[in-house]
Amino acid sequence: MKASELFVRCLENEGVDYLFGLPGEENLDLLESLRTSKIKFVLTRHEQSAGFMAATYGRLTGKAGVCLSTLGPGATNLVTPAAYAQLGAMPMLIITGQKPVHTSKQGLFQIIDIVDVMQPLTKFSKQILRGDRIPAIIRNAFRRAETERPGAAHIEFPEDVAEERVNAQPIPIHSIWRPDAHQLAIDDAVERLEKAERPLILIGAGANRKRVSVMLNKFIDKTGIPFVNTQMGKGVVSEDHPLYLGTAALSDHDYLHCAIDRADLIINVGHDVVEKPPFYMEVDGFDVIHINFTPPQVDEIYFPQHEIVGDIANALEEMEQSISVQDQWDFSYFLRVKQVVDEKLSENADCEQFPLVPQRIISDVRKVMGDSDILALDNGMFKIWFARHYRAREPNTILLDNALATMGAGLPSAMAAKLVNPELKVMAICGDGGFMMNSQEIETAIRLCQDLVVLILNDNSYGMIKWKQHGMRFPEFGLDFQNPDFVRYAESYGAHGYRIEKTEDFLPLMEQCFNTPGVHVIEVPIDYAQNDTVLGEDLLQKSCLN
């Protein structure tokens, strides 16, 4: 068979369902081999979108999502998605084309060393020089992308290698069992926990795995220890749980940090240093037990005193079976903090002001979305509001990026989520700035016959940076712009377009959109005037609780 056919068979062997991409002439042999494959090729309007879709597929399934581009400018457009997947621990395989490497006669036209470019952004980056090496390279790339900590892998597939005749076969896949943590480490952690007086659980991005969620729920229910989570740990345990204190959407000086500061021991489950720190450690402060698949990256603000390194779910199961609830555990202060957080986060949920305040938007969105339905957030000021105020009830039901935190990922991520979960409601939530970075993918969503709702929160500026500019006492400059008519823009693609003009119309319009097939784009004017009073200086003065 041709090497390109072997390449596709190896992808099929890995269980690949979709390949997202924008091909060039260097990919044409591969494209022809895909044509007769069971793998569905999803043509996107920009390589960046293909990468975001592949990364989100990996995030939701645990299997590496796959994306494709040509050489040169197509490949460099996948640099941001590579970093997005690598920092966000999302398994993804990037395939890029290349000119002939054995008989090239085109000089350096469009040629840059993409393998070297991708090295610092991926777990694995390799060029295929012989067709018979395809099975081993693809098997290795998937293993590297999918094993903990997951991330991006890259393969460069030159045009002349794709044309070769080969006699190789895909390498069979076998199960991989993660190593368990050492029993002495688990026993020591249980002993430390049983001696503590005010232990607290923190749930991070690395805990966002199905088995971890199950075991963490059992551990919390048995011990009664309250918990907080990071932005990418939202939903691992339902945030309607009576022991949920809040989400660390800010690094410090939020109400829930009163509980963190009062804790004498923090069980940090799945901490990932790529997230903004949910707390700052001090040498004479609380002790931290680090539970994760990998050892911690120690720095000046995170230096755990005890480590449990291995399969998180198994470690939690061992701890849950051996721990005893202690009489000296005192969670009364934590529960007072929870009461204050709940009261503060419910303020303005029914506010009738127009343009809409973030709290009202979040409240109405929560009402229309079911427990398992999925929000895909782009990056902007609204992300902090949603992280702090939106109650996630199941893992991976609010897809936000607190690692690379790139704009432009919201709409492609929602599209990938809809492909993986066609039976669920899926909503993309974008700022006007982030939406316009990949808004052309509305056409892709329509071509895929997706039922999708897209909210554009419009403040005619790059609002997050404007908030930072204001907080640093700089005069406003360089961050305002004008937007297109989003209703007509959506309709020009064949989508349904709407503009909210009265606050009370927002919730019924979302319900109408979810009950009507097709892609629905809703422009929502938003007022961020409460940024400072709810997230900024005024909040600093109110913390901590006495």
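Select aspartate 180 to begin, in the loop between helix H8 (159-162) and helix H9 (183-195), where helices (H or I, at least four residues) and strands (E, at least two) are DSSP runs numbered from the N terminus. The model is a predicted one, in which local features need pLDDT of at least 70 and side-chain atom pairs count only at pLDDT 80 or more, while totals for chains, interfaces and linings use all residues. Residues are numbered from 1 along each chain as its sequence is written, and side-chain values use heavy atoms, with hydrogens and water left out.

Add Asp187, Glu317 and Glu318 to the selection, since together with Asp180 these residues gather in a patch of negative charge on the surface. Such patches are made of residues with over 30% relative accessible area and no salt bridge, like charges being joined within 9 Å and nonpolar side chains (Val, Leu, Ile, Met, Phe, Trp, Tyr) within 5 Å. Lys and Arg count as positive and Asp and Glu as negative, with His and the chain ends not counted; the place of a charge is NZ of Lys, CZ of Arg, CG of Asp or CD of Glu. Accessible areas come from the Shrake-Rupley method with a 1.4 Å probe, and for residues only the protein chains shown count as cover.

Next, select aspartate 188 and arginine 192, which form a salt bridge with the closest N and O atoms 3.4 Å apart; the term requires a side-chain nitrogen of Lys or Arg within 4 Å of a carboxyl oxygen of Asp or Glu. The two residues are four apart in helix H9, and so are separated by about one helical turn. Aspartate 188 is partly exposed at 27% relative accessibility, as is arginine 192 at 31%, where buried means under 20% relative accessible area, exposed over 50% and partly exposed in between (1.4 Å probe, protein chains only).

For a second bridge within a helix, go to H14, where aspartate 364 and arginine 360 also lie four residues apart, about one turn of the helix. Their closest N and O atoms are 3.0 Å apart, and here aspartate 364 is buried at 1% relative accessible area, with arginine 360 buried at 9%. Elsewhere, salt bridges that share partners join Asp240, Lys338, Asp342, Asp371, Arg391 and Arg393 into one network.

The structure holds 32 salt bridges, and another to display is that between the side chains of arginine 45 and glutamate 443 (3.2 Å, N to O). This pair links distant parts of the chain, 398 residues apart, with arginine 45 in the loop between strand S2 (40-43) and helix H3 (47-61) and glutamate 443 in helix H18.

Then move to H19, where Gly463, Met464, Lys466, Trp467 and Gln469 are buried, and show helix H15 (381-389) and helix H22 (531-535), which are included in what covers them by contact, meaning heavy atoms within 4.5 Å. Just after H19, arginine 473 takes a positive phi of about 65°, and this residue is exposed, with a relative accessible area of 60%.

Now select isoleucine 155 in strand S6, a buried residue with a relative accessible area of 0%. Leaving aside residues up to four places away in sequence, isoleucine 155 touches several others, among them Phe7, Leu93, Phe124 and Ile137.

Finish with the backbone: the peptide bond from glutamate 148 to arginine 149 is cis, with omega near -10°, and another cis peptide bond, with omega about -5°, joins phenylalanine 354 and proline 355.
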